[in-house]
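Good morning, colleagues. Please bring the structure up on your screens, and I shall take you through one helix, the core, and a pair of cysteines.

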Amino acid sequence: LLVRPAILTHTRRCLTTANKSNLGGYILTGPTGNKIQLPPAEGPVGPISTPNGTVNSYVKALYCPVTHTLRTSAHVGIDSGGAVLKGTVGSSPGCISETDARVAARGSGLRLLATVHAALGGDMDRVEQVTMLRGLVNAENNFDRHGAVINGCSEVLIEAFGPEKGVGVRMCSGTASLSGAVSCDVELRVRPP
């Protein structure tokens, strides 16, 4: 088992929230001073009817105070204009290119950051480590570059948290059906409030 020393020594780095962005979300400042424009955070999804009444079918993020872990639901990828990218990734005519799918994975990462920002009440300094990133790509059977697509999401997390905090373990795979071309979810270790 290899453990990076940076994971064990928690140094605080200020991740500043600025004014609202032109996307309706917030503008974050990463560790190198880079500006990251976030889309608006989304609320719970639902409602559904149950024998006990109407409830949301799921929430976008859930914090466990026992393990100090914040887990998100899957966020489908969006293009640079904010629209959900739908279709199959591959090289056949009518398919989405690997490049466009990577842009969508980046959009998924921006949506994940908006959710994390909202779940932590804007206090992104609480994030100690990205622990797990999972990515799914709706791809042709012969497509084998799932990791290259999900790199779009990984890059956003690195921009936001730096190369030590922003990198965790990762799982990338393909699927024959998905609500968008790309979908990602993230798990983070966070400091208690």
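Helix α2 has 22 residues, and at 1.5 Å a residue the expected span is 32 Å. In this predicted model, the end C-alpha atoms of α2 lie 31 Å apart, which agrees with that expectation. After α2 comes G121, with a positive phi near 60°.

I turn now to the nonpolar core. The largest one comprises 36 residues, and L113 and V182 have the most contacts inside it. At least two residues of this core come from each of α2 (98-119), β9 (127-138), α3 (146-165) and β11 (182-190). The largest share, eight residues, is supplied by α2.

What is L113 in contact with, once its neighbours within four places in sequence are left aside? The partners are I36, L38, M124, V156, L157, A160 and F161. As a general remark, an α-helix has 3.6 residues a turn, so residues three or four places apart point the same way.

Finally, the cysteines. How many disulfides does the model contain by the distance rule? The count is zero. The cysteine sulfur closest to that of C153 belongs to C184, and because the two are 4.0 Å apart, against a cut-off of 2.5 Å, they are too far for a bond. C184, likewise, takes part in no disulfide, its nearest cysteine sulfur being that of C153. C153 is buried, at a relative accessible area of 0%, and C184 is also buried, at 0%.

Thank you; I welcome discussion.

How values were computed
Residues are numbered from 1 along each chain as its sequence is written. This is a predicted model: local features need pLDDT of at least 70, side-chain atom pairs count only at pLDDT 80 or more; totals for chains, interfaces and linings use all residues. Side-chain values use heavy atoms; hydrogens and water are left out. A nonpolar core is a set of buried Ala, Val, Leu, Ile, Met, Phe, Trp, Tyr and Cys residues joined through side-chain atoms within 4.5 Å. Buried means under 20% relative accessible area, exposed over 50%, partly exposed in between (1.4 Å probe, protein chains only). Helices (H or I, at least four residues) and strands (E, at least two) are DSSP runs, numbered from the N terminus. Contact means heavy atoms within 4.5 Å. The expected span of a helix is 1.5 Å times one less than its number of residues.
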